[in-house]
Amino acid sequence: MPHPLLFDEPDAALDRLRAVCLALPEAVEVLAWGRPTFRAGKKIFVTAGASMDRPHSLVFKPDPDERRALVQDDRFFIPPYFGPAGWLALDFDSPHTDWVELAELVETSYRQVALKRQLVQLERWRAESASDGSE
């Protein structure tokens with residue numbers, strides 16, 4: 001039995017998350033379990049929607065050294081299925097969502113699963129952005 005879709009299109013919050021994820025080198029969106037997943041190569045770095053009752057949540061793989069601090073913050077929660085592997089989640093449909101912080105979490109998650117060539121592309125893009133002042 002197929003999973004029910006978690007999102008109806010158009011969805012402004014999902015579109016904003018999609019733009020953050022797909023800006024990363026070679027990132028692709030794949031529908032899985034009724035929700036968008038974002039991948040570097042074949043590996044997931046973000047899943048949109050931790051559960052049916054929290055569709056507007058970002059499921060991400062935190063830096064292991066930062067995870068301890070993040071779980072102390074009430075905004076973060078341990079998502080089902082991904083949580084036992086160390087992943088965390090954060091709701092992103094609030095008007096108080098810090099999209100700069102969210103983008104940093106997405107990039108950190110991406111860096112943990114990306115291929116070496118993708119990381120080289122990311123570093124090149126970061127250096128070009130810094131040199132032209134667009135970052």
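Start by selecting the open sheet, whose six strands run in the order β1-β2-β3-β4-β6-β5 with antiparallel pairing; strands (E, at least two residues) and helices (H or I, at least four) are DSSP runs numbered from the N terminus, and two strands count as paired if DSSP finds at least two bridges between them. The model is a predicted one, in which local features need pLDDT of at least 70 and side-chain atom pairs count only at pLDDT 80 or more, while totals for chains, interfaces and linings use all residues. Residues are numbered from 1 along each chain as its sequence is written, and side-chain values use heavy atoms, with hydrogens and water left out.

**The edges of the sheet**

Colour β1 (27-32) and β5 (76-77) next: these strands stand at the edges, each with a single partner strand, so one side of each is left without a neighbour in the sheet. Moving inward from β1, you will find that β1 and β2 pair in the antiparallel sense over six bridges, and that Ala27 stands opposite Ala40 in β2.

Now show α3, which packs on the sheet and touches β2, β3, β4, β5 and β6, its direction making about 155° with that of β3. That angle lies between N-to-C directions on a scale from 0 to 180 degrees, with axes fitted to C-alpha atoms and, for helices, over the stretch in contact.

**Strand β4 and its two neighbours**

Select β4 together with β3, and the two can be seen to pair in the antiparallel sense over three bridges, with Leu58 in β4 as the bridge partner of Ala48. On its other pairing, β4 joins β6, again in the antiparallel sense, over four bridges, and here Val59 stands opposite Ala89 in β6.

With the side chains of β4 displayed, what covers its two faces is worth checking residue by residue: Ser57 and Val59 on one side, and Leu58 and Phe60 on the other, are all buried, where buried means under 20% relative accessible area, exposed over 50% and partly exposed in between (1.4 Å probe, protein chains only). In a regular strand the side chains alternate between the two faces of the sheet.

**The nonpolar cores**

Which residues have the most contacts inside the largest nonpolar core? They are Leu17, Phe45, Leu58, Phe60 and Val106, in a core of 28 residues, a nonpolar core being a set of buried Ala, Val, Leu, Ile, Met, Phe, Trp, Tyr and Cys residues joined through side-chain atoms within 4.5 Å. At least two residues of this core are supplied by each of α1 (12-22), β2 (35-40), β3 (43-48), β4 (57-60), β6 (88-91) and α3 (99-113), and the largest share, six residues, comes from α3.

Centre the view on Phe60 and list its contacts (heavy atoms within 4.5 Å): leaving aside neighbours within four places in sequence, Phe60 touches Phe45, Leu70, Phe76, Trp87, Leu88, Ala89, Leu90, Leu105 and Ser109. A second, separate core has six residues, among them Val59, Phe77, Trp87 and Ala89.

**Salt bridges along and between helices**

Turn next to the charged side chains, which form ten salt bridges in the structure, each defined as a side-chain nitrogen of Lys or Arg within 4 Å of a carboxyl oxygen of Asp or Glu. In α1, select Arg18 and Asp15, whose closest N and O atoms are 2.8 Å apart; the two lie three residues apart, about one turn of the helix. Arg18 counts as buried at 16% relative accessibility, whereas Asp15 is partly exposed at 33%. Extending the selection to Glu9 and Glu29 displays a network of salt bridges that links these two residues with Asp15 and Arg18.

In α3, Glu107 forms a salt bridge with Arg111, with 2.9 Å between the closest N and O atoms, and the pair is four residues apart, or about one helical turn. Glu107 is buried, with a relative accessible area of 12%, while Arg111 is partly exposed at 31%. Arg111 also meets Glu123 in a salt bridge (2.6 Å, N to O); since Glu123 lies in helix α4 (residues 116-131) and Arg111 in helix α3, this pair ties together parts that are twelve residues apart in sequence.

**Last stop: Gln121**

Finish in helix α4 with Gln121, which counts as partly exposed at 27% relative accessibility. Beyond its neighbours within four places in sequence, Gln121 is in contact with Pro25 and Glu26; Gln121 and Pro25 are 96 residues apart in sequence but 6.4 Å apart in space, C-alpha to C-alpha.
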